[in-house]
Structure formats: C-alpha cells, structure tokens
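Work through the exercises below with the structure open beside you, and try each task before you read its solution.

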Amino acid sequence: MRRRGPGLRLRITLLTTALVAVVSAVLLFLGWTLVGRVFDSSPSFPAGSQVTVDGVNVDVTVLTDALTDAARHDLLQAGLIAFACMVVAAAVLAWTFTGRVLKPLHDVTGAARRLSAESLGSRLRLEGPRDEVAELADTFDAMLDRLEAAFDSQRRFVANASHELRTPLSVVRTELDVTLSDPDADVEELRRMAGVVRAAGERAEQLVSALLLLARTDGIGLAVREPVDLSAVVESAWKAVRAEAEARDLRTVFRCAPALAVGDPALLERIAGNLLENAVRHNHVGGWIETVVETGPQWSVLRVSSSGQLIAPDRVEELFEPFRRGVKDRTSQSGTGLGLSIVRAAVAAHGGFAQAVAVPTGGLSVTVHLPAAPR
C-alpha cells in the first residue's frame, strides 16, 4: 500500500505559515535596511567635528555609526519577537479556519464511509454559502439519489425475476412428482408430462434470454453502428408473428417508408419484433394493428399501434417496467413481461427514446425515435 503524505489541513496550515514567515522576514529585512539609509541620509558635518555627549567629546562619525547600530539592534530585536508572534498566530489561525472550511469535506467523507446498500437514504443537505464545498456536497447527494434509485430498481428486478423463474421450475417439479408417484402411469401420461416440462423449460429459456438481452442493452453501449432501414427491419420482424396474427384474425396496416437509422441491426430488429409481438399477443380476436415508419432530419420514427384492453393513461408508463403485462401483472400466459423494458433499454442504447400512449378505444400506441442516418 502506498504511503500517503500529510493531510490537506496540515498542508494548508504549513503553506500559510511559510508564506507569512517569508513575508515577515522580507519586511524585517526592509526595515533593517531603511533604518541604515535614514541615518546615511541625515545632514553631514565637516570632517573631524565633535559633539559633547554626557560631558564627553565624541567624533560625529563615531556617534552616527553607534546610533545606526543601536537602531538596527532595537529594530531587529523587536522585529524578531513580532516575527515569532506572527508565525505562531498564522499557524494557529490557519489551522483553525482550515478546519472549519474543511468540515463539510469531513462530513462527505464520513457519509461515504457509512454508505452501504442499506443506508443509501442519508443525505448531507449542506446549508450555507454556495461555494465549491457546497457544490461538492450537492453533487454527492445527487449521486446518492441515483445510486438509491438504481439499487431499488435492481432489488425489484431481482425479486420479479426470481418469482418468474420459480413458476416454470415449480411446474416441472409438480409434473415430475405427480407422474413419478403414479405407478400405473402409461406412455401417454409420460408424453403429456414431457410436453408440460418442455413448455416450462421453453418459458424459462425465453425468460433467461430476455434477461440477458436486457442486461446487454443496459450495458456500456453498442458493439455495431451502421445505417439500417427500419422498413426492412419491420418486414423481417413481421414474418415471425404473421402466422399468430392471422390466427387471431387481426387487420393490419403498414405504412412503411424507407427510413435509415444508425444502430445495431440485431437490436433494431428486436425492437420491432417486441413491439409487433406485444401488438399481436395483447390484442383481441378481430382487432387491428397499424405500423408506421417515417423519417425526418434528425429522427427516424417507428410507431406500432394496436387495439386491445383499455389502459388507464396514468398507468401507461408502468408498462415499460420489467414484468408488467397489460393492465395486470404476471397474468399473461405468453411472453416474459420484458418486451417494452427491452425496447426502452435498446432504444436508449441507440441514443433515442420511446414513448407510449393509450388508445382511447382500447389498446396501446408505442412510438420509437432513433437517430437518423446522415443523408
């Protein structure tokens, strides 16, 4: 471990004391020099002149030198005492005021040392003048706000993911226990059990894949950035859900003009795929789907609207949270509840944004804005 030097308080105190000492020494030297110059510039007497001091005749030159030495001696003696007092006073004052100035920094350090996942609710809320220290404290409080929100989101996500993974595992265990406890189970029963276990395994696999994709899109950024035609992406994504849409007798309208967006082709297709899957699976039989792709000077836009259940406008934003399915949580038999969460995370990774509004007659309209490719 690298050895650290003296603390900031001690360094500021030593620096301040050193500066005061240097300035005091310079002033003392200037005073000593000026005293000599004052006597040197005094009126001169003819050579050999004498004056009487206490009844004794003394040469004027000798008297002048003696007075100069005495004045300098007195000045030096008093100056050294003042110098020592100034240095001591500067050290004491610098130590005291530096401690008061650095106290908020100690508060920030103490709060950081006490910080843990269970104590993210504490804040400094520093009052007083809006100086650099206050700005640091405010920045620290803002960082704690972001950390607390991230930890809360992570806790909810882990809890929901655990619940969702527990469901298919419980189904597998129950089917195995029931089938194995029946000594008369025939081939047909075993096939039925195998089908249920396979469906539960596929559901768990879909959930894990969705979780990995969500973690990827919430990561550091995109590995690939290239111009991609959103109309071609929509066409490719629609092939995967077209049969399911036809089985539900859904009426579809596509108004897809060529629109180039900059991003990862696989993620962009996943965005379109999730929107179309939601539009099909959360629709009702005989409903409708409208898909629009258009471009502008700054954004390429993909909008997927569909009929479906009535959704309260104040609950639309909740649909972008993990494991939200329609107007009720965890009630859908298909999907993972991560579709719109993945859409928003993937769009944000591309530098865009996603919005949703409830259709007044029932259903949802989701609009995705992605950075347009330079023309």
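The exercises that follow concern a predicted model, and each solution goes step by step.

**Exercise 1. Confidence**

Find out how confident the predictor is in this protein, and which stretch calls for caution.

Solution. Begin with the protein as a whole, for which the mean pLDDT is 79, with 77% of the residues reaching 70 or more. Then turn to residues 327-333, where the pLDDT is below 50, although this stretch has 15 contacts in the model beyond near neighbours in sequence. Where pLDDT is low, the predicted coordinates should not be read in detail.

**Exercise 2. Aromatic pairs**

Classify the aromatic pairs of the structure, and say which parts of the chain each of them links.

Solution. A search of the whole structure finds 2 aromatic pairs. Take Trp 238 and Phe 254 to begin with: their ring centres are 5.1 Å apart and their planes stand at 65°, and because an angle over 60 degrees counts as edge-to-face, this pair is edge-to-face. Next, locate the partners: Trp 238 belongs to helix α5 (residues 230-247) and Phe 254 to strand β4 (residues 251-256), so the pair ties together parts that are 16 residues apart in sequence. As for accessibility, Trp 238 is buried at 12% relative accessible area, whereas Phe 254, at 33%, is partly exposed.

Now go on to Trp 299 and Phe 353, which also form an edge-to-face pair, with 5.3 Å from centre to centre and 80° between the planes. Trp 299 lies in strand β7 (residues 299-306) and Phe 353 in strand β8 (residues 353-358), and the pair thereby links distant parts of the chain, 54 residues apart. Trp 299 is partly exposed, with a relative accessible area of 24%, and Phe 353 is partly exposed at 33%.

**Exercise 3. The nonpolar core**

Which residues have the most contacts inside the largest nonpolar core, and which elements supply at least two residues each?

Solution. The largest nonpolar core has 36 residues, and those with the most contacts inside it are Ile 271, Leu 275, Leu 302, Leu 364 and Val 368. The elements that each supply at least two residues of this core include α6 (265-281), α7 (339-349) and β9 (364-371). Finally, follow Val 368 outward: leaving aside residues up to four places away in sequence, its contacts include Ile 271, Leu 275, Leu 302 and Phe 353.

**Exercise 4. A loop residue**

Is Pro 297 buried or exposed, and where does this residue lie?

Solution. Pro 297 is placed in the loop between β6 (288-295) and β7. With a relative accessible area of 89%, Pro 297 is exposed.

Technical notes:
Residues are numbered from 1 along each chain as its sequence is written. This is a predicted model: local features need pLDDT of at least 70, side-chain atom pairs count only at pLDDT 80 or more; totals for chains, interfaces and linings use all residues. Side-chain values use heavy atoms; hydrogens and water are left out. Rings of Phe, Tyr and Trp (its six-membered ring) pair if their centres lie within 6.5 Å; planes under 30 degrees apart count as stacked, over 60 as edge-to-face and the rest as tilted. Helices (H or I, at least four residues) and strands (E, at least two) are DSSP runs, numbered from the N terminus. Buried means under 20% relative accessible area, exposed over 50%, partly exposed in between (1.4 Å probe, protein chains only). pLDDT is the predictor's confidence in each residue, from 0 to 100. Contact means heavy atoms within 4.5 Å. A nonpolar core is a set of buried Ala, Val, Leu, Ile, Met, Phe, Trp, Tyr and Cys residues joined through side-chain atoms within 4.5 Å.
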